[in-house]
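Please look through the sequence and the structure shown below, and keep both at hand while reading the report that follows.

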Amino acid sequence: MNRYTKLTGVLAIAAMLALAGCGKQEGTEEQLDISAEEAVMETEETGMKMEEDQTEEAAVHDETKDTEISAADLYSEGSNDVLVYRLFTPETEEEKVPLILYLHGAGAIGDDNITQITGTKDAASFVTEEMQELHPCYVLAPQLPERYTAAGESPTDEQSAKGWTDEEVQAALMGTIQEIARTNGNVDMDRIYITGHSMGALGVWGMIAAYPDVFAAAVPISGLWDGSVDNLVDLPIWIFHGEKDEVVPVDRETMLRDRLEELGGNVRMTIYTDEDFAAAGVTDPHGANVPTYSDQEMFDWMFDQKRN
């Protein structure tokens, strides 16, 4: 059964239950001489039955609603010794398909293994029916545990503030990609893409700096990086940022672009203006992820890239 149409059965059940409350038949003439007490009892029983029907109908309605909005139907759960993750597996007959590693922002830190794919629409943009018809792909969406982040400005240990750039986290991400490739024989290891927003974009820069020969393309959004980019000259990178971003000022990535251009790197950058954000319905200057993950040109460009 197609994952995108499997709700039909649930909707049919809901419709049947709705009709059930209307299916009562009036009594025959012989029933008109029943006592007042019997009439009251029958009325109470009828009311109880209708209430049960309504409760059951409401339960199915709630289940239908939850199913419609839950990304859990499309992403399976997984974990390793370091973190939990969600994995989307494409339904395709193609011999080799790419994999996207998506790194979430600070709002999804934790271990519930759901917020990273439901907290924003980012992860959902990769797995729509339309997108998968154009570009079938695996999508790996890990969730960063809180222990790898700083609590305010007082990290509990030297590792806690590193987030996605922590060496243990990076090694776990690489190990997970390799495990997925071993388990699913059709992962194209020459087309591993990485993207993320805000803290996730910092993770993108950290991962490609640590493993420059692994990825075929990178799309950091509203990010920053204080390390060197000199080893990223050959990697296709498309940077996205809001012109008036106050959380992460745009110059944190224009300086990276400038350095890569100076080195002859394969880099491009889109800087969103207020007008661009308004057209996309974005009011947060840090919200460059919204128009980016709705940009078909970006997806087409990314999926065209292949590791040298």
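## H286 and its surroundings

In this predicted model, H286 has a relative accessible area of 8%, and because buried means under 20%, H286 counts as buried. H286 is found in the loop that lies between α9 (274–279) and α10 (289–292).

When residues up to four places away in sequence are not counted, H286 touches H197, S198, S222, D245, V247 and V248.

## W238 in strand β7

W238 belongs to strand β7, which covers residues 237–242. With a relative accessible area of 3%, W238 is buried, since the value falls under the 20% that sets the limit for buried residues.

If neighbours within four places in sequence are left aside, the residues in contact with W238 are A218, V219, P220, R268, M269, T270, E297, M298 and W301. One of these, T270, also takes part in a polar contact, in which the side chains of W238 and T270 come to 3.0 Å. The backbone can be followed here as well, for the C-alpha atoms of W238 and V267 are separated by 5.8 Å, although the two residues are 29 residues apart along the chain.

## Helix α6

Helix α6 is made up of 17 residues, numbered 167–183, and at 1.5 Å a residue it should span 24 Å. The C-alpha atoms at its ends are 24 Å apart, so the expected span and the model agree. At the start of α6, a side-chain oxygen of D166 reaches to within 2.8 Å of the backbone nitrogen of E168.

Which residues of α6 are buried? They are V169, Q170, A172, L173, M174, T176, I177 and I180. These buried residues of α6 pack against the strands β2 (84–88), β3 (97–103), β4 (138–143) and β5 (187–197), and also against helix α7 (199–210).

## Strand β3 and its partners

Strand β3, one of the elements against which the buried residues of α6 pack, is mostly covered, as seven of its seven residues are buried. β3 runs parallel to β5, and six bridges join these two strands. β3 also pairs with β4, again in the parallel sense, over three bridges.

A single residue, I100, helps to locate both pairings in the structure, for I100 stands opposite Y193 in β5 and I100 stands opposite V139 in β4. In a regular strand, the side chains alternate between the two faces of the sheet.

Key: Residues numbered from 1 in each chain as written. Predicted model: local features only at pLDDT ≥ 70, side-chain atom pairs only at ≥ 80, totals over all residues. Heavy atoms only, no water. Helix = DSSP H or I, 4+ residues; strand = E, 2+ residues; numbered from the N terminus. Buried < 20%, exposed > 50% of the residue type's maximum accessible area, 1.4 Å probe, protein only. Contact = heavy atoms within 4.5 Å. Polar contact = N/O pair within 3.5 Å; in protein donor to acceptor, adjacent residues only side chain to side chain. Expected span 1.5 Å × (residues − 1). Pairing = 2+ DSSP bridges.
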